Amino acid sequence: MAKTAERGGTNEHVGVIGGGGGGRLGASRLLLWAVAAVLAVRQAAAVLRVPPGGGPADLHLPGSATDFLPDFLLGSVPGFLPDLPDLPPGSLHDSGRFTGPPFAALVLKPLLGLAVPSPAVAWTCLSLLFVVGSGLVAARALPEPVARRTARLAAPALVALMMLSLPVREAAFPGRIAFLPLLLVLLALFRVPAERPAGFLVGLAAALQPALLLFAPLLWRSGRRPTARAAAATFAGATALSWAALPRDAWTYWVEHLAGFGPGGPSDAPGDQSVQGALSRLGLDGPPGIALHLALAAVVVVIGLRRAARYARDGQLLLAVAVTGCAAVALSPTGWGHPLVWVMLAVAGKVGRRAADRPVWPVAVVLAATLPSHVLLPNLAALGPVRDNVPLIAALAAACAVPFLPRSSPLWREPEPTRHGRPAASRWAWVPLLPFWRRVASRPNLLLELLLIRVGYSLYSHIRAAAPTNRPLAEGNGTRILDLERALGIDIEHAVNRAVVDTPWLEASFDFYYTSFHFVVPLAILAVLYWRRPAAYRWARASLGLATVLALAGFWLYPLAPPRLMPGLGFVDTVHGVQDLANPSYGAMTAISNQYAAMPSLHFGWSLWCGIVIVALAPKRRLKLLGVLHPTITVCAIVATANHWVLDAVGGAAVVAAGFGLVHVLSGPRRTRADVPAQRSAPAREEAAARLPQTTGAGPGPTRP
């Protein structure tokens with residue numbers, strides 16, 4: 001293990017931190033460092049925007065997500081041990097605003113007592129330095145061999161990811177010391193060659209976050225027994241010091257807190273990403289919950305330590321550190337965001353046999369570390385236990401379940417290549433076919449597809465909701481649309497709307513169709529294509545995504561009031577009920593979505609996409625007929641319910657046509673000579689697929705058998 005740590009700092013990794021580079025690689029590296037710097041400045045600016053008097057008192061302590069620093073820690077006395085009597089005995093945990101060990105308070109007091117104009121700003125800058133230091137050390141510890149591109153870009157990419165992560169971004173003051181123990185552990189295992197100094201750093205990290213004492217057994221099992229003994233001795237000494245200085249606080253934390261009756265607010269708070277917090281949210285409180293927590297923690301620790309020791313012996317020490325840190329989450333009585341700190345290090349592991357599967361784990365980690373849980377999962381009651389515990393589940397999965405490949409596996413260096421179809425010729429010589437548009441013959445990874453679809457739709461919803469909602473502008477655009485339709489002789493919206501209102505069964509039918517099939521049909525088509533026609537799935541998914549992106553541009557550039565929100569025209573909103581047009585907010589519907597995101601109509605656009613895909617790919621005529629009927633009924637529904645103008649449907653058709661056109665231009669025609677006809681039998685399709693030419697490079701290039 002020690003030799004592995006030394007290899008992590010060999011000259012092969014010098015390019016990670018120092019030295020510049022020319023060409024695109026050097027430009028990419030500089031760009032990533034610029035992104036990391038911008039994120040750090042933004043985080044520091046959040047502190048400067050706090051009004052006077054709200055700064056130091058709001059500085060977060062370890063284990064706290066919304067609770068604040070006790071006032072006595074913010075005194076002007078800069079000393080350390082000589083001033084300990086100034087700390088009121090028992091006041092550290094009595095308020096319930098501080099959940100860390102007493103030793104953490106002893107460390108923070110002299111730091112906050114420094115003679116600086118703003119302790120909050122100073123602590124923020126210090127915390128950001130911890131983040132940068134952790135990223136730099138971790139980037140140098142990647143298991144060998146490391147590709148030149150990875151070695152050059154690892155440090156800025158990891159630092160930028162940490163700066164963007166929820167543990168840093170959600171707190172107005174990143175004073176939580178989750179990154180300080182992380183930095184201490186990384187320095188001990190990768191940058192300090194001596195055994196006892198390394199053990200001192202690990203023990204100090206464990207004194208700040210007691211669950212990290214789990215690194216001592218890892219060191220012991222990996223053959224670094226002097227380091228393990230030094231870590232245990234340092235932890236015991238620091239804890240004894242806190243007992244001597246703050247006996248009542250130490251009793252509160254080590255006896256009452258760890259028994260489940262201590263400070264820190266309600267254990268079922270959503271931010272408490274610990275096993276005990278998750279059990280409390282499930283209603284398992286008291287002694288049964290504590291017993292179950294201990295049992296689960298024992299299982300996770302045993303499995304996690306075995307996996308970590310195996311990865312350490314395999315030469316993947318950084319992965320072993322990540323797995324151990326994630327296993328320590330199960331031991332911690334509270335976990336306010338710090339599980340993600342260790343999960344981010346687990347991107348060093350490789351998962352998946354196929355090259356197409358390799359991005360799944362890194363993408364999942366990046367999404368879990370940077371996006372709120374409500375973005376990752378829909379707001380469904382059945383998914384509540386998963387949505388409320390995403391960081392915890394990610395940590396436990398990394399510790400116990402994710403099948404990281406050993407370096408001894410031939411797939412660690414060379415995964416199974418992705419099978420591609422024959423490169424198609426470009427439509428125009430001046431339009432290059434981009435490498436990532438190559439026709440992939442294999443089925444994409446399901447988990448990655450679900451993550452991208454969910455996150456993509458969430459981003460679409462947020463961008464749509466943030467589009468301009470200027471009422472006079474939207475109503476003016478509505479008037480202009482109506483005038484244009486009158487000039488063209490297609491202003492049929494009012495007549496159709498009144499006819500449907502006067503026919504109750506028709507009104508109910510159109511309302512049901514409008515509200516029920518907008519999402520169900522596209523998702524069903526994507527699911528069928530994924531399972532039965534993977535190559536066509538990629539073509540259809542890309543065209544739908546491009547059409548949606550173009551529609552977002554329309555929402556921003558041309559806010560439009562639909563007929564139901566045009567005052568004085570006599571339209572009836574059959575779906576949402578009568579709208580109070582005198583109220584600027586138009587009632588509850590405005591809080592749900594942007595009511596002026598009407599041009600183009602994605603209700604019709606998505607239905608037209610469904611129809612085109614069905615007509616192009618369905619093997620039977622009756623299915624093709626359904627493909628024609630769906631957009632036809634949809635355009636009738638959006639007009640009859642007064643939700644869109646006729647020209648909105650024209651706009652929806654335009655963006656869908658543009659989406660298909662862009663895919664055709666960038667990747668060539670949908671069918672190529674290398675595609676497998678769908679009409680063949682299953683054995684024939686498998687035999688033909690096996691004969692498809694394969695490419696493994698980054699660009700279209702030549703093919704090989």
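Is Asp357 buried or exposed? Asp357 is buried, with a relative accessible area of 15%; buried means under 20%, exposed over 50% and partly exposed in between, using a 1.4 Å probe and protein chains only.

## What you're looking at

This is a predicted model, in which local features need pLDDT of at least 70 and side-chain atom pairs count only at pLDDT 80 or more, while totals for chains, interfaces and linings use all residues. Residues are numbered from 1 along each chain as its sequence is written, and side-chain values use heavy atoms, with hydrogens and water left out.

The protein chain has a mean pLDDT of 76, and 72% of its residues reach 70 or more; pLDDT is the predictor's confidence in each residue, from 0 to 100. Among the elements, helix 11 (residues 215–221) has the highest mean, 93, and helix 2 (residues 14–17) the lowest, 36. Helices are DSSP runs of H or I with at least four residues, strands are runs of E with at least two, and both are numbered from the N terminus.

Residues 2–21 stay under 50, and so do residues 52–90. The model has 92 contacts beyond four places in sequence for residues 52–90, a contact being heavy atoms within 4.5 Å. Where pLDDT is low, the predicted coordinates should not be read in detail.

## Around Asp357

Back to Asp357: Arg354 forms a salt bridge with this residue, with the closest N and O atoms 2.9 Å apart. The rule for a salt bridge is a side-chain nitrogen of Lys or Arg within 4 Å of a carboxyl oxygen of Asp or Glu. Arg354 itself counts as partly exposed, at 26% relative accessibility.

Arg358 sits in the loop between helix 17 (339–343) and helix 18 (360–370). Arg358 is buried yet has no salt bridge, and the nearest side chain of opposite charge is Asp357, 7.7 Å away. For charges, Lys and Arg count as positive, Asp and Glu as negative, and His and the chain ends are not counted. Beyond four places in sequence, the contacts of Arg358 include Lys350, Leu405, Trp412 and Pro415.

## Other salt bridges

The count comes to eight salt bridges. One of them pairs Arg564 with Asp573 at 3.4 Å, N to O. Arg564 is buried at 8% relative accessible area, and Asp573 is buried too, at 7%. Elsewhere, Asp483, Arg486 and Asp491 are joined into one network by salt bridges that share partners.

## The nonpolar cores

The largest nonpolar core has 93 residues, and Trp342 and Leu345 have the most contacts inside it. Such a core is a set of buried Ala, Val, Leu, Ile, Met, Phe, Trp, Tyr and Cys residues joined through side-chain atoms within 4.5 Å. Helix 16 (residues 317–331) gives the most to this core, with twelve residues. That helix is largely enclosed by the rest of the structure, because 14 of its 15 residues are buried.

A second, separate core of 28 residues includes Ile525, Ala536, Ala547 and Trp609.

## Helix 30

Helix 30 (residues 621–640) reaches 29 Å from first C-alpha to last, close to the 28 Å expected; the expected span is 1.5 Å times one less than the number of residues. Its buried residues, among them His630, Pro631 and Ile638, pack against helix 25 (493–501), helix 26 (504–532), helix 29 (602–617) and helix 31 (646–667). Just after helix 30, Ala642 takes a positive phi of about 65°.
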